[in-house]
Amino acid sequence: MKKKKLYLLLVVVFTVSTFLLIKMNDSKFIKVEGKTAYAEGIHKDIKGLTTEKVLKGKTIIIDAGHGGKDDGSSGQRGTLEKDVTLKMAKEIQREFAKKSDATVILTRDQDDSVTLGNRVELANKENADLFISIHFDAFTSNDVEGITTYYNKEEDLRLATLIHSYLFNQDMGTRDRGVKLGDYFVLRENTQPSILLELGFISNKEDEKRIISQAFQTKASIAIVEGVIEYLSK
């Protein structure tokens, strides 16, 4: 009788063990940040196992140049600088929301007139970790094209160089005009780290076509956000 019970017990153990081995082979193991996560079913995706967003506690000001009565420059297709800077600023804000927990504040979120002084004052008031002003260049000759990144203070050169390099790591499809010293009010009078981006010549037909495209705005936003994340993470 004892031998029969022992035999039945061994059969049960063997059956359960075999079942578990089969289930493990039909499943997948995924390693997330040093921990092993078990996902049942070979085709089932893991949800909720995302890395923690970065830049928590950081404040970033995105300045959409011009606005209100100040149209800024205009393109051959009739594009107004004030419109595309606002669209670009909102795109950058959305990209930050995807990839970080940073507080991102726009100097304007609609077609408003905002003085240069108020833009700088906002950055100082919020004790911003970063101030980025978005613009699009223009020239009397419509064959001039390209992207330029400006800084004013020596301590902001690294920031300008880093963001500029991230932009051209993407395929911007336009001329690299480099990183330059600029005597702009929003940079000169800002006590926070700050740069000004001229993301193309709106007076150039090809640049204008490029900068109003969603593809360009998405790529530029990704580049700016990734550059900021590297800058503020060190």
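**Three helices that meet**

Let's start where two helices touch: V84, K87, M88, E91, I92, E95, F96 and K99 of α2 meet Q214, Q217, T218, A220, S221, I222, I224, V225, E226, V228 and I229 of α7. Sorted by class, the residues of this contact are 10 nonpolar, four polar and five charged. Keep in mind that you are looking at a predicted model.

How do these two helices lie against each other? Helix α2, residues 81-99, packs on α7 at an angle of about 50°, and the axes are 9 Å apart. Angles from 35 up to 65 degrees count as oblique, so α2 and α7 are oblique to each other. Their crossing is right-handed.

Now turn to helix α4, which covers residues 157-169. With 13 residues at 1.5 Å each, α4 should span 18 Å, and because its end C-alpha atoms are 18 Å apart, the model agrees with that expectation. Which residues of α4 are buried? They are L159, A160, L162, I163, H164, Y166 and L167. Here a general point helps: an α-helix has 3.6 residues a turn, so residues three or four places apart point the same way. The cover over the buried residues of α4 includes the strands β5, β6, β7 and β8, together with α7.

That brings us back to α7. It packs with α4 at an angle of about 140°, their axes 8 Å apart, and this pair is therefore oblique too. α4 passes α7 in a right-handed crossing. On the α4 side, the contact is made by R158, L159, L162, I163, Y166 and L167, while α7 brings residues including A220, A223, I224 and Y231. By class, this contact has 10 nonpolar, one polar and three charged residues.

Key. Residues are numbered from 1 along each chain as its sequence is written. This is a predicted model: local features need pLDDT of at least 70, side-chain atom pairs count only at pLDDT 80 or more; totals for chains, interfaces and linings use all residues. Side-chain values use heavy atoms; hydrogens and water are left out. Helices (H or I, at least four residues) and strands (E, at least two) are DSSP runs, numbered from the N terminus. The expected span of a helix is 1.5 Å times one less than its number of residues. Buried means under 20% relative accessible area, exposed over 50%, partly exposed in between (1.4 Å probe, protein chains only). Contact means heavy atoms within 4.5 Å. Axes are lines fitted to C-alpha atoms, for helices over the stretch in contact, and angles run from 0 to 180 degrees between N-to-C directions. Angles under 35 degrees count as roughly parallel, over 145 as roughly antiparallel, 65 to 115 as roughly perpendicular and the rest as oblique. A crossing is left-handed if the near helix is turned anticlockwise from the far one by less than a right angle, and right-handed if clockwise. Ala, Val, Leu, Ile, Met, Phe, Trp, Tyr, Cys and Pro count as nonpolar, Asp, Glu, Lys and Arg as charged, and the others, Gly among them, as polar.
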